[in-house]
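Reader: I am new to this structure and should be grateful for a close look at a single part of it. Would you please take the contact between the first two chains and describe what lies on either side of it?

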4 protein chains.
Amino acid sequence: MTYENYAETVLDELGHTLLSVSDETASDFVNLIDGAKEIFCAGAGRSGFQIRGFAMRLMHMGRQSYVVGETCTPNITSDGVLVICSGSGSTKSLVNHAQKAREVGARIALITINPESPIAEMADVVVEISAPSPKSAKEGQIRSIQPMGSLFEQSEGLFLDCAIMMLMEKHHMDSDTMFGRHANME
Amino acid sequence: MTYENYAETVLDELGHTLLSVSDETASDFVNLIDGAKEIFCAGAGRSGFQIRGFAMRLMHMGRQSYVVGETCTPNITSDGVLVICSGSGSTKSLVNHAQKAREVGARIALITINPESPIAEMADVVVEISAPSPKSAKEGQIRSIQPMGSLFEQSEGLFLDCAIMMLMEKHHMDSDTMFGRHANME
Amino acid sequence: MTYENYAETVLDELGHTLLSVSDETASDFVNLIDGAKEIFCAGAGRSGFQIRGFAMRLMHMGRQSYVVGETCTPNITSDGVLVICSGSGSTKSLVNHAQKAREVGARIALITINPESPIAEMADVVVEISAPSPKSAKEGQIRSIQPMGSLFEQSEGLFLDCAIMMLMEKHHMDSDTMFGRHANME
Amino acid sequence: MTYENYAETVLDELGHTLLSVSDETASDFVNLIDGAKEIFCAGAGRSGFQIRGFAMRLMHMGRQSYVVGETCTPNITSDGVLVICSGSGSTKSLVNHAQKAREVGARIALITINPESPIAEMADVVVEISAPSPKSAKEGQIRSIQPMGSLFEQSEGLFLDCAIMMLMEKHHMDSDTMFGRHANME
């Protein structure tokens with residue numbers, strides 16, 4: 001296949017996965033984030049990279065956001081929300097984080113392929129993205145040509161970027177006002 | 001705007017940016033990567049997250065890949081290629097890296113909005129993605145509704161994932177063979 | 001207290017903790033590292049920073065070392081050794097890593113305050129550093145003036161640096177030969 | 001040499017380097033940190049690991065601290081202080097950061113071997129640690145048996161931990177009060 005073929009197929013797959021999330025679920029997710037004093041973001045592997053992009057944009061908006069595992073991330077409390085990206089919804093370290101968040105009374109949002117997973121059971125909002133890995137696709141589901149969890153990881157990144165725009169609209173922010181806190185040492 | 005509106009607009013924008021890269025340029029990029037013994041990946045901010053996803057997939061494929069700035073990343077030599085993601089093509093720290101790579105005889109690939117930037121001048125392959133920030137869009141270019149560099153960052157991530165599939169095809173690999181080296185502690 | 005008072009007290013405390021490790025234990029640790037094809041390093045919080053310094057020095061020596069959780073870290077196999085720094089020896093995520101390492105037949109080394117912890121039970125070599133936190137010190141043990149786990153973290157860093165010198169001696173390396181692979185982009 | 005020999009030599013070397021810093025310089029450093037609203041920490045390689053330990057302890061104390069290059073680190077402003085660890089005082093990326101900090105009116109503290117370096121010239125407080133690398137030691141200076149910058153990196157870590165205790169004393173904090181914000185997800 002040519003690059004153009006690959007690009008078109010990926011875009012087509014993303015059309016399915018992104019539009020598999022309803023407006024209502026997206027709003028629930030955005031409202032949960034918006035109501036939190038502190039937002040803790042967690043994910044493993046390539047999902048971890050996507051959610052870091054979300055944590056960074058929240059910081060650009062002036063929100064108190066953190067990535068679990070980074071140096072200056074404090075303890076989560078009942079004022080916080082924990083946002084987890086996990087395709088399986090059962091990554092061990094992330095299950096531990098969710099349990100701890102529950103324990104202290106924090107809220108939890110999960111972005112996942114699997115809405116019946118251990119983390120989903122603990123979550124206040126579950127954003128299901130219908131992006132099964134090539135192997136686990138069931139009948140009626142999209143059968144991605146992409147390896148491993150790529151389609152899910154791309155979809156969660158784009159979903160989170162849409163959520164940022166919904167938050168910006170809510171707070172009447174634009175690209176210029178966000179540049180205010182963009183890192184000047186990098 | 002609703003979530004659905006945002007998602008559709010983002011997908012539409014990505015259709016423009018991804019297909020602004022030619023098959024030929026994509027092949028040049030893939031061949032440069034494929035010919036290198038060691039692949040060093042560098043990017044700042046959200047571009048840095050996208051290119052880490054690429055470095056990880058290369059590792060999954062059994063390639064010797066590194067992220068500049070991580071703990072066990074060694075020196076680059078003439079056997080290496082440095083892959084840089086930089087919208088502006090002029091981020092200071094990345095210009096320094098490119099100069100060092102040049103100095104030791106390594107090859108350089110750049111993914112950028114700006115093909116006339118300092119790093120582009122040093123690069124062997126320049127992948128131009130036509131994804132200007134809302135402010136800098138010129139006539140005839142897409143005027144993204146997304147804040148800051150979001151459209152570029154999304155596009156580079158998707159471009160790199162297409163490049164991975166082109167590499168997989170070249171080496172007759174599939175999703176299963178790649179799981180071999182997927183981290184089992186995370 | 002003046003800075004000088006603090007510095008002298010810290011040095012005095014380190015004299016106790018470093019010399020609480022026997023030559024024999026140190027040799028066992030060094031031999032375990034030396035015999036491994038791949039060395040995976042793991043630790044949380046400030047212990048994580050100390051062990052990253054160790055992973056970096058191993059890379060400088062030309063060894064194949066990795067930090068668990070970084071981008072290009074592959075799966076551990078029976079050829080690998082997992083080196084864990086954990087004061088309590090029971091940090092959840094690190095217990096999970098140790099279990100996984102055991103499962104695939106890898107060896108485990110632990111540096112800890114607590115030789116009767118869950119990870120210690122799984123470890124091939126346990127380096128006990130007698131550096132209890134101020135609160136948990138028992139009779140006969142040093143009662144540090146330093147907060148939290150500082151004394152342990154300092155001690156493990158210095159212990160690991162001694163281990164590096166023992167490895168260098170074993171392989172007739174000196175500071176100059178090690179600069180070979182020092183990162184040239186940073 | 002045995003482990004015990006190495007440990008004793010390292011401790012002896014640290015006795016020289018730590019006590020090469022005067023009470024007055026240490027106080028100047030502590031006061032600069034204490035007066036800042038936001039504290040940005042930067043360092044490359046193993047120096048970077050030591051200063052991350054400092055950034056983490058500042059967070060434990062309830063201070064607003066950041067590591068340059070991590071996800072949620074915002075821009076530095078005139079209310080901030082930039083703390084740099086750099087043996088040479090001339091690491092390119094860190095020189096760039098110092099220039100940017102100067103530009104916005106932030107204060108700068110440098111911990112270094114070289115008080116006549118480019119960063120030292122821009123710094124408000126320079127903490128000189130007399131820990132030359134084996135190769136660069138001049139007459140009258142300690143000639144470390146340790147490779148590369150190990151002695152400097154150890155010394156800066158211990159110096160920073162002493163600074164933390166001086167800050168704790170100033171604010172009547174103890175180990176217990178600091179555990180308040182210790183990460184509960186790790």
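Author: What follows describes the sheet of chain A and then the contact between chain B and chain A.

This is a predicted model, in which local features need pLDDT of at least 70 and side-chain atom pairs count only at pLDDT 80 or more, while totals for chains, interfaces and linings use all residues. Residues are numbered from 1 along each chain as its sequence is written, chains are lettered from A and ligands numbered from 1 in the order in which they are written, and side-chain values use heavy atoms, with hydrogens and water left out.

In chain A, five parallel strands make an open sheet in the order E2-E1-E3-E4-E5. Helices (H or I, at least four residues) and strands (E, at least two) are DSSP runs, numbered from the N terminus, and two strands pair if DSSP finds at least two bridges between them. Because strand E2 (64-67) and strand E5 (125-128) of chain A each have a single partner strand, one side of each is left without a neighbour in the sheet. On average, neighbouring strands of this sheet are turned by 15° against each other, direction ignored. Axes are lines fitted to C-alpha atoms, for helices over the stretch in contact, and angles run from 0 to 180 degrees between N-to-C directions.

Helix H3 (residues 45-60) of chain A lies across E1, E2 and E3 of that chain, at about 160° to E1(A). Helix H6 (residues 150-170) of chain A touches E3, E4 and E5, and its direction makes about 130° with that of E4(A). Contact here means heavy atoms within 4.5 Å.

Turning to the interface, chain B and chain A each contribute 53 residues. The area buried between them is about 4,800 Å², 67% of it from carbon and sulfur atoms; buried area is the accessible area (1.4 Å probe) that two parts lose on being put together, summed over both. Four salt bridges are found across this interface, each being a side-chain nitrogen of Lys or Arg within 4 Å of a carboxyl oxygen of Asp or Glu. B:Asp161 forms a salt bridge with A:Arg46, with the closest N and O atoms 2.9 Å apart.

Among the elements of chain B that each supply at least two residues of the side touching chain A are helix H1 (3-18) and helix H6 (150-170). H6(B) gives the most to that side, with 11 residues.
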